[in-house]
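Please study the sequence and the model shown here before attempting the exercises. Each task is followed by a worked solution.

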Amino acid sequence: MGRVLAPYGVHGWVKARGFTALPAGLLAYRAWWLAKDESTWREFAVLEARQHADTVVARLEGLTRREEVMPWRGAMVAVPRAALPAPGTGEVYLADLVGLAVVNRAGADLGTVTGLLETGAHPVLRVAEGGAGAGERLIPLTPVHVDAIDLELGRIVVDWQLDY
């Protein structure tokens, strides 16, 4: 959902950048989960929050001084999946793409989505090729390159050749 950028002020507020469609997207959630790595998450109640330019500043329960926020710089911000609204028709959460098989229009297997890169213009699929000495393909997640995303079948169909 976002990342903690830095402390904000001297009273333990955090400054975070949301990875949501709108900069203020994090304001909808009354609890944030923070983690410096994928294995150790800690829940914080959001006591106050507001948009600040293209970021969000928030006062989290238990953080009352700037020094208490410093260890959280760079931490990931998440919310429980149950707190998210259901995606609309034709929409998916980017996290749901991880693990899907990727095939091209000819049905050739290109690999499996291992993650996404945010480029500013659009997300890019990181696709790990199978086999020994396998590499990685970077495929733009745009309508020009992605024909279909089928979560039920667990695959993404792309306009992408094997030799790209």
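The exercises below go from the whole chain to single strand pairs.

The model is predicted, so local features need pLDDT of at least 70 and side-chain atom pairs count only at pLDDT 80 or more, while totals for chains, interfaces and linings use all residues. Residues are numbered from 1 along each chain as its sequence is written, and side-chain values use heavy atoms, with hydrogens and water left out.

**Exercise 1.** Determine which secondary structure elements make up the protein chain, and in what pattern.

*Solution.* Step one is the inventory: the protein chain has one helix and twelve strands. Here helices (H or I, at least four residues) and strands (E, at least two) are DSSP runs, numbered from the N terminus. Step two is the pattern along the sequence, which reads β-β-β-β-β-α-β-β-β-β-β-β-β.

**Exercise 2.** Describe the extent and the burial of the protein chain.

*Solution.* Begin with the extent: along the principal axes, the C-alpha atoms fill a box of roughly 55 × 35 × 25 Å. Next comes burial, where 32% of the 164 residues count as buried (under 20% relative accessible area, with a 1.4 Å probe and protein chains only). Finally, consider contacts (heavy atoms within 4.5 Å): of those with a separation of 6 or more, 47% are between residues 24 or more positions apart.

**Exercise 3.** State in which order the six strands close into a barrel.

*Solution.* The order is β1-β2-β5-β4-β3-β6, with antiparallel pairing. Neighbouring strands of this sheet are turned by 45° against each other on average, direction ignored; the axes are lines fitted to C-alpha atoms, and angles run from 0 to 180 degrees between N-to-C directions. Two strands pair if DSSP finds at least two bridges between them. Strand β1 (residues 2-8) and strand β6 (residues 76-78) pair over two bridges, and Gly2 has Val77 in β6 as its bridge partner.

**Exercise 4.** Examine strand β5: how many of its residues are buried, and how does β5 pair with β2 and β4?

*Solution.* First, β5 spans residues 55-60, and five of its six residues are buried. Second, β5 pairs in the antiparallel sense with strand β2 (residues 13-18) over four bridges; Ala16 is there matched with Val56 of β5. Third, strand β4 (residues 42-52) pairs with β5, also in the antiparallel sense, over six bridges, and the bridge partner of Arg50 in β5 is Val57. Last, β4 and β5 form a hairpin with two residues between them, and Ala53 in the turn has a positive phi of about 60°.

Conventions. Buried means under 20% relative accessible area, exposed over 50%, partly exposed in between (1.4 Å probe, protein chains only).
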